[in-house]
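Hi there,

Here is the structure I promised to pass on. Have a look at it first, and my notes follow underneath.

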Amino acid sequence: MEGVHPVLSDGTLHADLPVRERMPNLISTQWLQTVVRLPMAWRGSLEVHTTSGNVNLNGVSGTDLDVESISGQLKATRIHGMSVSLQTVSGPILAEKLTAETAKLHSISGPINTVELDARNVHLSTVSGAAECMFTDVFTRFDGNSVSGSVRILTPMTEVNAVLKTVSGRLLTENISIRETGPQLRFTTVNGNLEIVGNIPVHGSP
């Protein structure tokens with residue numbers, strides 16, 4: 001634990017592990033897993049930033065939850081937050097039972113996969129990584145962009161106000177109608193496809 005630098009300042013706990021202290025020499029690397037356990041009643045904000053390490057959030061509830069990695073895997077399970085942001089460059093994003101007022105999902109080449117997503121406002125951004133979002137409830141607005149990555153949305157809704165701006169990508173729909181009265185969905189891509197599958201059963205429903 002000598003390499004971890006915990007500092008409590010103005011009610012904020014900072015725990016840093018500098019890269020130079022994880023690599024004592026060029027031949028051998030030092031492996032370390034850091035575990036932070038939070039009280040059940042905790043409802044604060046959380047920021048996690050890592051270079052190549054994996055991040056696993058389980059059962060965390062808070063206000064603003066911000067997780068970022070370069071190449072490590074980001075996994076979030078049973079997460080509740082007012083604003084939840086998951087960002088990676090090449091690592092995968094896996095989210096299950098994520099509940100938020102606003103959810104931001106960002107990747108360059110890593111895949112994005114969410115299961116049982118319940119968020120009113122969603123922003124999704126990817127360059128070449130594919131993304132799939134499975135909702136358990138109606139969203140208010142979904143917007144995003146990609147270059148070549150395709151996005152698949154599964155939702156219990158029966159209609160959506162979807163607009164796709166693209167050069168050569170396609171808008172694909174199944175069991176859902178495109179109507180101006182539906183929730184807004186705005187997506188921009190160069191040649192990625194946007195697929196919307198509607199009227200899917202909510203998890204646990206017959």
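Let me start with a question: does Thr-77 count as buried or exposed? Thr-77 counts as buried, because its relative accessibility is 16% and the limit for that label is under 20%. Thr-77 has its place in strand β6, which covers residues 74-88. Setting aside neighbours within four places in sequence, Thr-77 is in contact with Leu-57, Asn-58, Gly-59 and Glu-96.

Before you read on, please keep in mind that this is a predicted model.

**The chain as a whole**

The protein chain contains 1 helix and 16 strands. Of its 206 residues, 36% count as buried. The accessible surface comes to about 11,800 Å², and carbon and sulfur atoms account for 51% of that. If you take the contacts with a separation of 6 or more, 20% of them are between residues 24 or more positions apart.

**A hairpin early in the numbering**

Strand β1 (residues 5-9) and strand β2 (residues 12-16) run antiparallel and are joined by 5 bridges. One pairing you can look up is Val-7, whose bridge partner in β2 is His-14. The two strands form a hairpin with 2 residues between them. In that turn, Asp-10 has a positive phi of about 50 degrees.

**The nonpolar core**

In soluble globular proteins, nonpolar side chains tend to be buried together. Here, the largest nonpolar core has 38 residues, and those with the most contacts inside it are Leu-86, Leu-98, Leu-124, Phe-142 and Leu-185. Strand β7 (residues 93-107) gives this core its largest share, 6 residues.

Two residues are good places to click. Leaving out residues up to four places away in sequence, Leu-86 touches Val-67, Leu-74, Ala-76, Ile-93, Ala-95, Leu-98, Lys-104, Leu-105 and His-106.

The other is Ile-153, which lies in strand β11. Ile-153 is buried, with a relative accessible area of 0%. Not counting residues up to four places away in sequence, Ile-153 touches Cys-133, Phe-135, Phe-139, Phe-142, Leu-185, Leu-194, Glu-195, Ile-196 and Val-197. The C-alpha atoms of Ile-153 and Met-134 are separated by 6.0 Å, although the two residues are 19 residues apart along the chain.

**Nonpolar residues on the surface**

There is also a nonpolar surface patch of about 510 Å², made by Ile-70, Val-89, Ile-108, Val-127, Val-147, Val-167 and Val-190. Among them, Val-147 has its place in the loop between β10 (141-146) and β11 (151-154). With 40% relative accessibility, Val-147 counts as partly exposed.

**Salt bridges**

Side chains of opposite charge can pair when their charged atoms come close. How many salt bridges does the count come to? The count comes to 5 salt bridges, and these are the ones I would look at:

- Asp-118 and Arg-120 meet through their side chains, at 2.9 Å from N to O. Asp-118 counts as buried at 19% relative accessibility, whereas Arg-120 counts as partly exposed at 24%.
- Arg-141 forms a salt bridge with Asp-143, and their closest N and O atoms are 3.7 Å apart. Arg-141 is partly exposed at 30% relative accessibility, and Asp-143 is also partly exposed, with a relative accessible area of 22%.
- Glu-159 forms a salt bridge with Arg-179, with the closest N and O atoms 3.3 Å apart. Glu-159 lies in strand β12 (residues 159-166) and Arg-179 in the loop between β14 (177-178) and β15 (184-189), so this pair ties together parts that are 20 residues apart in sequence. Glu-159 is partly exposed, with a relative accessible area of 21%, and Arg-179 is partly exposed as well, with 47%.
- Glu-132, Arg-152 and Glu-195 are joined into one network by salt bridges that share partners.

If you follow up just one thread in the viewer, you might take Glu-195. Glu-195 belongs to the salt-bridge network with Glu-132 and Arg-152, and Glu-195 is also among the residues that Ile-153 touches.

Happy browsing, and write back with any questions.

Best wishes

Definitions and conventions
Residues are numbered from 1 along each chain as its sequence is written. This is a predicted model: local features need pLDDT of at least 70, side-chain atom pairs count only at pLDDT 80 or more; totals for chains, interfaces and linings use all residues. Side-chain values use heavy atoms; hydrogens and water are left out. Helices (H or I, at least four residues) and strands (E, at least two) are DSSP runs, numbered from the N terminus. Buried means under 20% relative accessible area, exposed over 50%, partly exposed in between (1.4 Å probe, protein chains only). Contact means heavy atoms within 4.5 Å. A nonpolar core is a set of buried Ala, Val, Leu, Ile, Met, Phe, Trp, Tyr and Cys residues joined through side-chain atoms within 4.5 Å. Patches are made of residues with over 30% relative accessible area and no salt bridge: like charges are joined within 9 Å, nonpolar side chains (Val, Leu, Ile, Met, Phe, Trp, Tyr) within 5 Å. Accessible areas come from the Shrake-Rupley method with a 1.4 Å probe; for residues, only the protein chains shown count as cover. A salt bridge is a side-chain nitrogen of Lys or Arg within 4 Å of a carboxyl oxygen of Asp or Glu. Two strands pair if DSSP finds at least two bridges between them.
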